[in-house]
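Good morning, and thank you for coming. I would ask you to keep the sequence and the structure in view while I go through a few packing arrangements.

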Amino acid sequence: MISPKEVDQQAVRNISGMNLVTLPAVGLQRGSELAFLRGFGQSWRAARKSFKSSRPNAVIAMGGFTSAPPVLAAKTCGAYTFLHESNTIPGRANRWLSRLVNRAFVGFPSAAPRLKNSHVTVTGTPVRPCFRPRDPRACRLQLGLDPARPVVLVVGGSQGASGINQMILEALPVLSTAAPHLQWFHLAGPNDTEQLKQTYGSLNLSAVVHDFFGKMDLALGAASAAVSRAGASSLAELAAMRVPSVLVPYPTATDDHQRHNALAFVETGAARLLDQKYGSPEVLARTLLDIIENADVREQMQKALSLWQTPRAADEIAETVLNELALTRSASSRASKSRAESPRVSPATLAPAIPEEVTV
């Protein structure tokens, strides 16, 4: 179940083998409270309708305003409920839902005490299996780049790309002089693509610029270093592929959670931090070149990134969900047997056991 936001719709465009439901949810913003409540109610009714035709045994919320209505609808039909919080600072939806779900999972240890739930497990944040260390030369060839020259990946994430784009535009004259051999793979978002192409071209730099790119594992596999926002999923992918990065937290992220995410990586030596407001072109250029041209620095950062790598995050979450359902099935079976053996209990009162086929 996803929101109508373009980033969600784009993410599932090529997915097969799943039933996808778009809920009419609207984020809570100042001045849009009525729209939020209306979207919440409509999403709850849509989730309940969906659950009536296909009753879930378990529902897991991955955060965001879309996740609350399905969890509430799931509670009414007796499903087990879970949530996963990927950021260091839990979002409002997950903070509220944590009181209601049976169990919670977190990507960062510091998030656990911020959730109001007595069953919290640190799993890391799941990434797709394709996110693993790759041969940079092979990835560069697939992207049409020179396999022998270093590559800087620039990505702003689903929002806030314009701030990073502007930083890069200001730093390119410095970098074109200091390191003209660098290659650039730049995911610019929808608004700045043409301007960036023109700037790279005018400086005679080798660059590939896309507004959106669906094969992030390939882009990361080609990268010597990245300039990135500090969303939890982006950090999990950087860690999985051991790509050293300069993190530029999105300055208006709720509760400044991206800065806290970035600091967790920086404190372990896995990344460098650059403030969007105060980072000068010279500082960005110097920081990038230190990572790219200093093999010892890059090796130390990659070792630190390996500590954040959690390849079994998805498996651990799935195993815990299935174990909870197995325990429930076992308890239900024992209760049913006990009631069946008691002459004082009517068969009409027996609770049905959870079916063997499990829907999540």
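Where helix 6 meets helix 7 in this predicted model, the contact is made by Asn-165, Ile-168, Leu-169 and Leu-172 on the side of helix 6, and by Gln-195, Leu-196, Thr-199 and Tyr-200 on the side of helix 7. By residue class, this contact holds five nonpolar, three polar and no charged residues.

How should the geometry be stated? Two packed helices are described by the angle between their axes and the distance between the axes. For helix 6, residues 161-178, and helix 7, residues 193-202, the axes come within 11 Å and cross at roughly 15 degrees. An angle under 35 degrees counts as roughly parallel, and helix 6 and helix 7 are therefore roughly parallel to each other. The crossing of helix 6 past helix 7 is left-handed.

Let me turn to a second pair. Helix 2, residues 33-53, packs with helix 3, residues 68-76, at an angle of about 45 degrees, and their axes are 8 Å apart. That angle makes helix 2 oblique to helix 3. Here the crossing is right-handed.

Which residues bring helix 2 and helix 3 together? From helix 2 there are Phe-40, Ser-43, Trp-44, Ala-47, Arg-48 and Phe-51. They meet Ala-68, Pro-70, Pro-69, Leu-72, Ala-73, Ala-74 and Thr-76 of helix 3. The contact divides into 10 nonpolar residues, two polar and one charged.

One member of this contact deserves a separate word. Pro-70 lies in helix 3. Is Pro-70 buried or exposed? Its relative accessible area is 6%, so Pro-70 is buried. Apart from neighbours within four places in sequence, Pro-70 is in contact with Ala-47 and Phe-51, and also with Met-1, Leu-23 and Val-59. As a reference distance across the chain, the C-alpha atoms of Pro-70 and Ile-317 are separated by 19 Å, with their positions 247 residues apart along the chain.

The third element is helix 10, residues 257-267. Its buried residues are His-257, Gln-258, Asn-261, Ala-262, Ala-264 and Phe-265. These residues cover an arc of only 150 degrees around the axis, which means that they sit on the same side of helix 10. What do they pack against? The partners are helix 9 (232-240), helix 12 (295-308), strand 9 (245-247) and strand 10 (272-273). Just after helix 10, Gly-269 takes a positive phi of about 85 degrees.

Within helix 10 I would single out Gln-258. Gln-258 counts as buried because its relative accessibility is 9%, and the cut-off for that label is under 20%. Leaving aside neighbours within four places in sequence, Gln-258 is in contact with Arg-229, Ala-230 and Gly-231, with Val-248, Pro-249 and Tyr-250, and with Ala-253.

Finally, the chain as a whole. Its secondary structure comes to 13 helices and 10 strands. Along the principal axes, the C-alpha atoms fill a box of roughly 90 × 45 × 35 Å. Of the 360 residues, 46% count as buried. Among contacts between residues at least 6 apart in sequence, 59% join residues at least 24 apart.

I am glad to take questions.

Technical notes. Residues numbered from 1 in each chain as written. Predicted model: local features only at pLDDT ≥ 70, side-chain atom pairs only at ≥ 80, totals over all residues. Heavy atoms only, no water. Axes fitted to C-alpha atoms, helices over the stretch in contact; angles between N-to-C directions. Helix = DSSP H or I, 4+ residues; strand = E, 2+ residues; numbered from the N terminus. Parallel < 35°, antiparallel > 145°, perpendicular 65-115°, else oblique. Left-handed = near helix turned anticlockwise from the far one by under 90°. Contact = heavy atoms within 4.5 Å. Nonpolar A, V, L, I, M, F, W, Y, C, P; charged D, E, K, R; others polar. Buried < 20%, exposed > 50% of the residue type's maximum accessible area, 1.4 Å probe, protein only. Arc of directions from axis to C-beta.
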